[in-house]
Protein chains: 2
Amino acid sequence: MDNQENKSKEQLILAAAEQEFLTKGYDGARTISIAKASGVTHAMLHYYFRTKEQLFERIVDEKFATMSSSMFAIMGDPLLPIVERIKGGIAAHFDFVAANPLLPRFVINEIVSRPERYEVLYKRAGIVLNSVYNGLQAEIDRAAERGEIERVDVKMLFISIMSLNIFTFVAYPFMEPIMGELMADRERFLAARKAENIETILRRIKKQ
Amino acid sequence: MDNQENKSKEQLILAAAEQEFLTKGYDGARTISIAKASGVTHAMLHYYFRTKEQLFERIVDEKFATMSSSMFAIMGDPLLPIVERIKGGIAAHFDFVAANPLLPRFVINEIVSRPERYEVLYKRAGIVLNSVYNGLQAEIDRAAERGEIERVDVKMLFISIMSLNIFTFVAYPFMEPIMGELMADRERFLAARKAENIETILRRIKKQ
DNA sequence: TTTTGCATTAACAATCTTGTTAAACAAAAT
DNA sequence: ATTTTGTTTAACAAGATTGTTAATGCAAAA
């Protein structure tokens, strides 16, 4: 037992479940369609994961972890000078979201539809992030005092970066048809968008 | 027949349906729970709207119209000088989204889950918006030639404005618990955020 | 070889959800 | 007064979806 075949079967179900849940959400997902997509019988899915709920939680846990690590990407490389650091942070975060384009919508939908469930998880994440922000805020304040950049609130800056980067992907299907040629070539558009987001944020912190 | 009582009953169902669909989406919504919320029997809901699908479409139509008019708000007042116009456009759009905070997530989710359904609607909207953009782009180009502002792509600017304004509300439940005191007072935070978004965009177009 | 324990299947049970229908009802029109 | 028209209710039908179970297979351990 517990051989490669088993592992692989469980993995197959998880992979199919991830796809199904990320695109259709909990309510839209069908266990039978997950089973079909992973090539196992419907009963097998329940044998491995007992309930749809439990299968879903496996996916949610992983996705929440991925999501929070994406937020640390914005921090950038602490060894670089502050402007370079922020520049690299934006780019890293953008690439992260580009590699997981379905993630933000999924996480946001999940939190909106069952907020109580994540309260505990959240309070903790909030505390961790807060101390991390404080460090960066201190560095920004020092740079501002040296006259290198404008004095800004790091949390506000983070929200702006996330807004610009995430919205690009969350709203892509919404905007693609109404933006004409600008978005016709996806790769080209994403590269332009990434540069635009960096430019927008750098101008925000530039000393005037 | 067709008296006030009837009108009011249909309206009650529509109001409850709007709330249910906007918060839970099509799959998560239950006709029986809409009926309960509006104080009519389950059969009555079907009597008035035949199917869940038809009831949903009534809501979708209205919401899509609201959404597209929100996009025109970004245009601002054509009589003002360009910088003031953009400033006013951002503020108007922000207020619009603030008044309909559930709208963007609903529209995006709907488009992602059933894209084919909105293709036609979309191609038309795209054409309209395109010509509108062109007008504004021309004005921006003239102002840039006079050296008043930086030369920018108006579509990119629009995406940035939408990103900053919409993400604030879409991700509010996600960020509220991890941003600590910054978001503790909602009114205060939204006012600060609105100012921050305007500042960010104005700096983006400022001549350096 | 027999036993043990997990894996697998097929059939089924229970519940939920949408949607229908027939009958009762109310109000207005004839 | 009776017919007509639209409203409301209760009961039910149909189908989908999740989850269970009993029987069987199969591979390793004893």
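The following paragraphs describe the protein surfaces that adjoin DNA strands C and D in a predicted model.

DNA strand D is surrounded by 18 residues, contributed in part by chain A and in part by chain B; the closest are Arg30(A), Thr31(A), Lys52(A), Met44(B) and Tyr47(B). The contact is weighted toward the backbone of the strand: sugar or phosphate accounts for 69% of the atoms of DNA strand D within 4 Å of the protein, and bases account for the rest. Several polar side-chain atoms approach phosphate oxygens of this strand. From chain A, Arg30(A) places a polar side-chain atom 2.9 Å from a phosphate oxygen of DNA strand D. From chain B, the corresponding separation is 3.0 Å for a polar side-chain atom of Tyr48(B), and an N or O atom in the side chain of Lys9(B) lies 3.3 Å from a phosphate oxygen of the strand. Two or more residues of the surface near DNA strand D are supplied by each of helix H2 (31-38) and helix H3 (42-49) of chain A, and by each of helix H1 (4-28) and helix H3 (42-49) of chain B. Among these elements, H3(B) provides the largest share, with four residues. The composition of this surface by class is eight nonpolar, six polar and four charged residues.

The surroundings of DNA strand C comprise 19 residues, of which Met44(A), Tyr47(A), Arg30(B), Thr31(B) and Lys52(B) are the closest. Of the atoms of DNA strand C within 4 Å of the protein, 69% are part of sugar or phosphate, the remainder being base atoms. Polar contacts to phosphate are found on both chains. A polar side-chain atom of Tyr47(A) is positioned 2.5 Å from a phosphate oxygen of DNA strand C, while an N or O atom in the side chain of Arg30(B) stands 2.9 Å from a phosphate oxygen of the strand. A base is also approached: a polar side-chain atom of His42(B) lies 3.1 Å from a base nitrogen of DNA strand C.

With respect to secondary structure, at least two residues of the surface near DNA strand C come from each of helix H1 (4-28) and H3 of chain A, and from each of helix H2 (31-38) and H3 of chain B. The greatest contribution to this surface is made by H3(A), which gives four residues. Classified by residue type, the surface near DNA strand C contains nine nonpolar, six polar and four charged residues.

Methods: Residues numbered from 1 in each chain as written. Chains lettered and ligands numbered in written order. Predicted model: local features only at pLDDT ≥ 70, side-chain atom pairs only at ≥ 80, totals over all residues. Heavy atoms only, no water. Near = heavy atom within 4 Å. Polar contact = N/O pair within 3.5 Å; in protein donor to acceptor, adjacent residues only side chain to side chain. Nonpolar A, V, L, I, M, F, W, Y, C, P; charged D, E, K, R; others polar.
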